[in-house]
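Colleague: I would like a close look at a single part of this model. Please keep the answer connected and brisk.

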Amino acid sequence: GSPETPQRPVDLSLTQLGIEVPAIPGDVALCGQLPKGVVQAVASRYASWLYLSVAEDPSFFPDELAMAGVRHVEIRHFPGPHPLPSDSQAAWALEALERLPRPLMIQCSSGYRAGALLLLWLVKKRMYGAGSVDMLAKDVDLKFWTECSP
């Protein structure tokens, strides 16, 4: 028989996997649903993982995160866009984002709530006005801002 050439692992960029890493702050990644294999492949890059849905969500893979060595995994239900998160839900999520060690992954079903939370955190932390928020969201190409119709 003919000798088989060994298969090399495919090296996909985070962007190709549907993961955004906005330049600001630079140590936070955003994503929507990821297949279990992708979670297994990328989880070891992160010290923390913030999941913005419910623990029972079939797209949440806590065992894979633990096996990859993610030290801090938190679930903070952050609904949206309908209904919007309550003040307490927003406060809990913002507190987690402030406290969790970096690098941090923020995950939700589409990536939009993850981006919205990051933008809300930046607004509060840096006290940005509406014009600065719009410019920042476009500059770092937060998909929930740039891909959603007004």
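Colleague: In which loop does Pro 103 lie? Take that spot, then work outwards from it.

Modeller: This is a predicted model, so please read every value below as computed from it. Pro 103 lies in the loop between α3 and β5, the strand at 104-107. The peptide bond leading into Pro 103 from Arg 102 is cis, with omega near -5°. As background, most peptide bonds are trans.

Arg 102 has a second feature. Its charged end sits over the ring of Trp 121, 5.3 Å from the ring centre. Trp 121 takes us to helix α4, where this residue is part of the contact with α3.

Now the helix pair. Two packed helices are described by the angle between their axes and the distance between the axes. Helix α3 covers residues 87-99, and helix α4 covers residues 112-126. Their axes come within 10 Å and cross at roughly 80°. Angles of 65 to 115 degrees count as roughly perpendicular, and that makes α3 roughly perpendicular to α4. On the α3 side, the contact is made by Ala 90, Ala 93, Leu 94, Leu 97 and Glu 98. On the α4 side, Leu 117, Leu 118, Leu 120, Trp 121, Lys 124 and Lys 125 take part. By class, that gives eight nonpolar residues, three charged ones and no polar ones.

Ala 90 is a useful residue to follow here. Ala 90 belongs to helix α3. Its relative accessibility is 15%, so Ala 90 counts as buried, given that buried means under 20%. Leaving out residues up to four places away in sequence, Ala 90 touches Phe 78, Pro 85 and Leu 120. Ala 90 and Leu 120 are 30 residues apart along the chain, and their C-alpha atoms are separated by 9.0 Å.

Next, strand β4, residues 72-75, which holds Glu 74. Glu 74 is buried, with a relative accessible area of 16%. Beyond four places in sequence, Glu 74 touches Ala 96, Arg 99 and Leu 100, and also Trp 49, Leu 50 and Tyr 51. Ala 96 and Arg 99 fall within the residue range of helix α3.

Trp 49 leads to the aromatic rings. The whole structure has two aromatic pairs. In one, the rings of Tyr 46 and Trp 49 have centres 5.8 Å apart and planes at 85°, so the pair is edge-to-face. Both Tyr 46 and Trp 49 are buried.

Tyr 46 leads on to Ile 19, which touches it. Ile 19 is found in strand β1, residues 19-20. At 3% relative accessibility, Ile 19 counts as buried. Other contacts of Ile 19, again beyond four places in sequence, are Leu 14, Ala 29, Leu 30, Cys 31, Leu 34, Val 42 and Met 105. Ile 19 and Leu 34 are 15 residues apart in sequence and 9.0 Å apart in space, C-alpha to C-alpha. Met 105 brings us back to the start, as β5 spans 104-107.

Last, the setting of all this. The chain has six helices and five strands. Along the sequence they follow the pattern β-β-α-β-α-β-α-β-α-α-α. Of the 150 residues in the chain, 40% are buried. Among contacts with a separation of 6 or more, 63% join residues 24 or more positions apart.

How values were computed. Residues numbered from 1 in each chain as written. Predicted model: local features only at pLDDT ≥ 70, side-chain atom pairs only at ≥ 80, totals over all residues. Heavy atoms only, no water. Phe/Tyr/Trp six-rings, centres within 6.5 Å; stacked < 30°, edge-to-face > 60°. Buried < 20%, exposed > 50% of the residue type's maximum accessible area, 1.4 Å probe, protein only. Lys NZ or Arg CZ within 6 Å of the ring centre and 35° of its normal. Axes fitted to C-alpha atoms, helices over the stretch in contact; angles between N-to-C directions. Helix = DSSP H or I, 4+ residues; strand = E, 2+ residues; numbered from the N terminus. Parallel < 35°, antiparallel > 145°, perpendicular 65-115°, else oblique. Contact = heavy atoms within 4.5 Å. Nonpolar A, V, L, I, M, F, W, Y, C, P; charged D, E, K, R; others polar.
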